[in-house]
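Please find below a short note on the model under review. The points are set out in numbered order for ease of reference.

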Amino acid sequence: MRDSEQPLATPYLHFDRRQWAALRNSVPLTLTEEEIIRLKGINDELSLDEVAEIYLPLSRLLNFYISSNLRRQAVLEQFLGTNGQRIPYIIGIAGSVAVGKSTTARVLQALLSRWPEHRRVELITTDGFLHSKQVLKDRNLMQKKGFPESYDIHSLMKFVSDIKSGAKKVTAPIYSHLTYDIVPNSNKVVEQPDILILEGLNVLQSGMDYPHAQPRAFVSDFIDFSIYVDAPEALLKSWYINRFLKFRLGAFSDPNSYFHEYAKLTEEQAVTIATKIWRDINEPNLHQNILPTRERASLIMTKSANHAVDYVRLRK
């Protein structure tokens with residue numbers, strides 16, 4: 001076999017569901033079934049078994065990493081002869097539209113906050129750092145929402161940089177999925193959490209994804225541990241369409257919804273519209289900007305039907 005035909009070495013350890021679940025190592029499940037129902041997204045399936053077999057081992061691993069990071073900080077403080085300054089541990093969660101990033105983020109927030117250390121865990125989504133609807137219209141980017149150019153990357157970079165510098169109070173814009181826009185004159189205040197979970201399409205993107213903005217640093221430079229939630233593209237498309245249909249019967253029926261007109265569609269019309277949105281916006285964004293970041297993640301969890309994680313890859 002020629003050298004060019006040699007299989008590439010992988011930087012990841014591979015675990016099937018059974019192997020990964022065994023790494024829970026008797027960590028108790030601290031969430032009730034009622035709490036899990038509240039945590040899952042509108043289109044996600046999430047069971048007690050999924051939390052026990054997938055998320056509890058992950059929270060155990062993260063707890064080890066966070067404790068190790070705190071020891072490293074203590075070494076630096078001892079070397080410098082300084083008093084401790086709280087520097088949050090940042091966990092990034094990336095992946096396609098409709099893959100279930102938000103549910104993963106909420107479950108981890110709940111689990112990590114219930115470890116005996118009682119660490120304070122904040123959750124921020126990068127949706128808040130999208131340009132406003134008016135700016136996107138002015139720049140003819142409404143059909144590129146979620147693409148790199150639709151984000152105020154400098155504001156996002158300042159936010160994560162301030163968090164990682166130990167700033168006592170940092171604010172993040174709030175995004176409304178109802179109005180499909182930034183909420184004016186409204187911010188979420190983040191005050192030195194122990195852990196910050198940053199969830200969004202773009203948390204693993206680098207400078208090559210933002211040639212128009214030319215950032216000198218990337219969000220991923222400030223992330224301590226990153227997770228990419230993965231699934232076959234056919235499933236992502238079907239999950240997106242199913243979510244659209246559920247929104248049509250729910251959130252879209254609100255007269256204040258940006259997509260209120262879609263509430264009047266028949267199911268067949270709604271499927272046609274959702275399929276077109278996937279094909280014209282979400283599929284190109286996945287191929288061009290999201291999927292290429294997958295191998296930058298510390299951990300990749302790959303889902304199959306019903307949003308169940310089939311296997312996990314962990315960077316060595």
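Is Ser96 buried or exposed? The points below begin with that residue and then turn to a strand, two backbone angles and a surface patch.

1. The structure is a predicted model. In it, Ser96 is buried, its relative accessible area being 3%. This residue is placed in the loop between β2 and α4 (101-112). Leaving aside residues up to four places away in sequence, Ser96 touches Lys101, Leu201, Tyr228, Val229, Leu236, Trp278, Leu286 and Ile290.

2. Strand β6 (residues 195-199) merits attention. Five of its five residues are buried, so the strand is largely enclosed by the rest of the structure. In a regular strand, side chains alternate between the two faces of the sheet. For β6, both faces are covered: Ile195, Ile197 and Glu199 are buried on one side, and Leu196 and Leu198 are buried on the other. The reader may wish to note that Glu199 belongs to this buried set.

3. Which strands are joined to β6? Strand β2 (residues 89-95) runs parallel to β6 and is joined to it by five bridges. Within this pairing, Tyr89 stands opposite Ile195. Strand β3 (residues 121-125) also runs parallel to β6, and five bridges join these two strands. Here Leu123 stands opposite Ile197.

4. Two backbone angles should be checked by the reader. Most residues other than glycine have a negative phi. Gln192, however, has a positive phi, near 40 degrees. Gln192 lies in the loop between β5 (181-190) and β6. With a relative accessible area of 18%, Gln192 counts as buried, because the term applies to values under 20%.

5. The second angle belongs to Asn306, whose phi is also positive, near 60 degrees. Asn306 is found in the loop between β8 (299-303) and β9 (309-315). Is Asn306 buried or exposed? Asn306 is exposed, with a relative accessible area of 56%.

6. The last point concerns the surface. Leu76, Phe79 and Leu80 make a nonpolar surface patch of about 350 Å². Among these residues, Phe79 is placed in helix α3 (residues 48-80). Phe79 is exposed, with a relative accessible area of 68%, because the term applies to values over 50%.

Terms used:
Residues are numbered from 1 along each chain as its sequence is written. This is a predicted model: local features need pLDDT of at least 70, side-chain atom pairs count only at pLDDT 80 or more; totals for chains, interfaces and linings use all residues. Side-chain values use heavy atoms; hydrogens and water are left out. Patches are made of residues with over 30% relative accessible area and no salt bridge: like charges are joined within 9 Å, nonpolar side chains (Val, Leu, Ile, Met, Phe, Trp, Tyr) within 5 Å. Accessible areas come from the Shrake-Rupley method with a 1.4 Å probe; for residues, only the protein chains shown count as cover. A salt bridge is a side-chain nitrogen of Lys or Arg within 4 Å of a carboxyl oxygen of Asp or Glu. Helices (H or I, at least four residues) and strands (E, at least two) are DSSP runs, numbered from the N terminus. Buried means under 20% relative accessible area, exposed over 50%, partly exposed in between (1.4 Å probe, protein chains only). Two strands pair if DSSP finds at least two bridges between them. Contact means heavy atoms within 4.5 Å.
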